[in-house]
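Let's go through some labels that get attached to a structure and ask where each one comes from. Here is the one to look at.

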Amino acid sequence: MFCPECGTENPDNARFCGNCRHPLASPAGGGHVGSPVVELGAEPQGTVPNGLKYGILVATLFIPFIGLAMGIIYLVQGESEAKKDAGKLWLYASIAIMVFYLIISGDL
């Protein structure tokens, strides 16, 4: 079976072109030809990966200015509510840790 998009030859049972990923017509004529392809392990658009979210929190424990900077950046430039929520989390955590460090150092 040849791809109608790029002309590459593909196996007869292929659902997508091996070269350009264009959907190929199924032999039965039905199926999932128009369905979107979802990459496994891909984060949905507009979310913050858990590794980044918790990594910044851990870094904020040792260097609070990281959380402060990232919190402000994500609050100001966040396109989605998930990014703004992550920014608030980092900002509040950094402020709390700064206050905690001031209390235990005796400066507050």
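Q: What makes Cys17 count as buried?
A: This is a predicted model, so the value is computed from predicted atoms. The relative accessible area of Cys17 is 3%, and buried means under 20%, so Cys17 is buried.

Q: And why is Cys6 called partly exposed?
A: Cys6 has a relative accessible area of 35%. Buried would need under 20% and exposed over 50%, so Cys6 is partly exposed.

Q: How do you know that the sulfur of Cys17 is not in a bond with the one in Cys6?
A: The two sulfurs are 3.6 Å apart, while a disulfide needs them within 2.5 Å. That is too far for a bond, even though Cys6 holds the closest cysteine sulfur to that of Cys17. From the other side, the nearest cysteine sulfur to Cys6 is that of Cys17, and Cys6 is in no disulfide. Across the whole structure, the number of disulfides is zero.

Q: What is the secondary structure of the protein made of?
A: Three helices and zero strands. Follow the sequence along and you get the pattern α-α-α.

Q: Why are α1 and α2 called oblique to each other?
A: Helix α1 covers residues 50-62 and helix α2 covers residues 64-77, and their axes cross at roughly 140 degrees. Roughly antiparallel would take an angle over 145, and roughly perpendicular runs from 65 to 115. The crossing fits neither, so α1 and α2 are oblique. Their axes come within 5 Å.

Q: Which residues make the contact between α1 and α2, and what are they like?
A: On the α1 side they are Leu52, Ile56, Ala59, Thr60 and Phe62. On the α2 side they are Pro64, Ile66, Gly67, Met70 and Tyr74. Eight of these residues are nonpolar, two are polar and none is charged.

Q: Thr60 is on that list, so what makes it count as buried?
A: Thr60, which lies in helix α1, has 0% relative accessibility. Buried means under 20%, so Thr60 counts as buried.

Q: What does the side chain of Thr60 reach?
A: The backbone oxygen of Ile56, at 2.6 Å, and the backbone nitrogen of Gly67, at 3.3 Å. Leaving out residues up to four places away in sequence, Thr60 touches Ile66, Gly67, Ala93, Ser94 and Ile97. Thr60 and Ile95 are 35 residues apart in sequence, and their C-alpha atoms are 9.7 Å apart in space.

Q: What share of the protein's residues is buried?
A: Buried residues make up 21% of the 108 residues. As for contacts between residues at least 6 apart in sequence, 32% join residues at least 24 apart.

Q: Arg21: buried or exposed, and how do you know?
A: Arg21 has 57% relative accessibility, and the cut-off for exposed is over 50%, so Arg21 counts as exposed. Arg21 is found in the segment before α1.

Q: What is notable about the phi of Arg21?
A: Most residues other than glycine have a negative phi. Phi of Arg21 is near 65 degrees, a positive value in a residue other than glycine.

Notes: Residues numbered from 1 in each chain as written. Predicted model: local features only at pLDDT ≥ 70, side-chain atom pairs only at ≥ 80, totals over all residues. Heavy atoms only, no water. Axes fitted to C-alpha atoms, helices over the stretch in contact; angles between N-to-C directions. Helix = DSSP H or I, 4+ residues; strand = E, 2+ residues; numbered from the N terminus. Parallel < 35°, antiparallel > 145°, perpendicular 65-115°, else oblique. Contact = heavy atoms within 4.5 Å. Nonpolar A, V, L, I, M, F, W, Y, C, P; charged D, E, K, R; others polar. Buried < 20%, exposed > 50% of the residue type's maximum accessible area, 1.4 Å probe, protein only. Polar contact = N/O pair within 3.5 Å; in protein donor to acceptor, adjacent residues only side chain to side chain.
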